[in-house]
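Okay, everyone, let me pull this one up on the screen. I'll talk about one helix and then about some empty space.

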Amino acid sequence: MEFNSITYLLFLFAVVLFYYNLKLKARQYLILFSSFFFYACWNWKYSILLIISGITDYIVSNKIHNSKKNKHKLVFLSISIIVNLGLLFYFKYLLFFTENINGLITLFGGSKQFEILNIILPFGISFYTFETISYSVDVYRGILKPEKSFIKYALFVAFFPKLVAGPIQRANEFLPQVGIKHKLDLDLLFIGIKRIVYGLFLKVVLADNISPLVDYAFSQDFNYFSIIDLMTIGYLFGFQIYFDFSAYSHIAIGSALCLGVKIPENFNFPYISLSFKEFWKRWHISLSAWIRDYLYLPLTGTKIITSSAKDGIGHTLEKINENKRIFALFSTWIIMGFWHGSDWNFAIWGL
């Protein structure tokens, strides 16, 4: 079920209609069922991955919280990271590494090749994997107490507006909201609807009409293009990506607002930035903030005492040793290059 479809709009309308006529507990079950239904419309089998990831971190976070010794906490946190990243590696990176290993074997004269598996990448696996990891890490850091209610925790993992394309939510910002029986706020509802309409405009009118032009241009022989042509194609591609991705964020934020839930902003006009630093305050803000708190700052040895999906990595102001800072930046962005895609081109882009 895609955001830019009549099916999704009818689905959202039905959920909102029932939502405000139910008691709090029934609302939680409705949203949880709706979220799994939403995901299962793509492929119900991959809902199992969502359940495995969610149950693992629910159990692990409680074990971390109840453990007295730090080494035991670290063991349980390691289980969370291994399970989550293990699933992500299998579905997103196994094919890439298998092909590269086979290439090396051929290069050095070997004949035995590893089997190339036909693996389908599950929708949203990177997003909910990052969310569940952040939950366990925040419990380990003492920033967050584990949620006792499995239903509320499952809502944090599976909440359908943010499930397949973000924004990447933090548990301490989301869980308090699902424990409240929101009254129907017409102003908030209309804001949500406007955000959805705006997102649909960016996606259907702008991104989807730019896309064929870009695809056609990139399929041609660049030797026949002028420098103006090449610059135009490059800029169009940049705007296509922005309109497409930010559209999903607007629809997600709007859908959540229709249910009385606020999820973080993800884009803030990034192309008006005057520097790379400012750009990463404005582009995919929730991911950039995740990078900051769970990759970049830990690699510099900085102690993390808060957790927020607001303000991207460009807001990092701590005074850090220059060598540690360079190492952290170098490592972080190569990793994040690979996160965007399992291809050497993405690693080079990150670098």
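So, how do the residues of the lining of the second largest pocket divide into nonpolar, polar and charged? They come out as 17 nonpolar, no polar and one charged. For that count, Ala, Val, Leu, Ile, Met, Phe, Trp, Tyr, Cys and Pro are nonpolar, Asp, Glu, Lys and Arg are charged, and the others, Gly among them, are polar.

Quick caveats: this is a predicted model, with local features needing pLDDT of at least 70 and side-chain atom pairs pLDDT 80 or more, while totals for chains, interfaces and linings use all residues. Residues are numbered from 1 along each chain as its sequence is written, and side-chain values use heavy atoms, without hydrogens and water.

Back to that pocket. On a 1 Å grid over the protein atoms alone, a pocket is an open set of points with protein on both sides within 12 Å along at least five of seven lines, a cavity is a set where a 1.4 Å probe fits but cannot get out, and lining residues have an atom within 4 Å of a point. The second largest pocket holds about 450 Å³. Among its 18 lining residues, Leu85, Phe130, Trp290, Leu295 and Ile335 are the closest to its centre. Two or more residues each come from helix H4 (70-107), helix H5 (125-141), helix H12 (285-300) and helix H13 (322-340), and H4 gives the largest share, six. Helices here are DSSP runs of H or I, at least four residues, numbered from the N terminus.

Next, the cavity. The whole structure has one of 30 Å³ or more, with about 110 Å³ of space in it. Its lining has 13 residues, and Tyr19, Gln28, Ile31, Leu155 and Val178 sit closest to the centre. Helix H2 supplies the largest share, four residues. This lining splits into ten nonpolar, two polar and one charged.

Last stop, helix H1. Tyr8, Phe11, Leu12, Val15, Val16 and Tyr19 of H1 are buried, meaning under 20% relative accessible area with a 1.4 Å probe and protein chains only, where exposed is over 50%. Down the axis of H1, the buried residues fall within an arc of 130 degrees, so they line one face; the arc uses directions from the axis to the C-beta atoms. Ile6, Thr7, Leu10, Phe13 and Phe18 are exposed on the other side of H1. The cover over the buried residues of H1 includes H2 (24-43), H7 (160-163), H9 (186-218) and H10 (227-258).

How values were computed. Contact = heavy atoms within 4.5 Å. Points joined across faces, edges and corners; volume = space filled by probe spheres on them.
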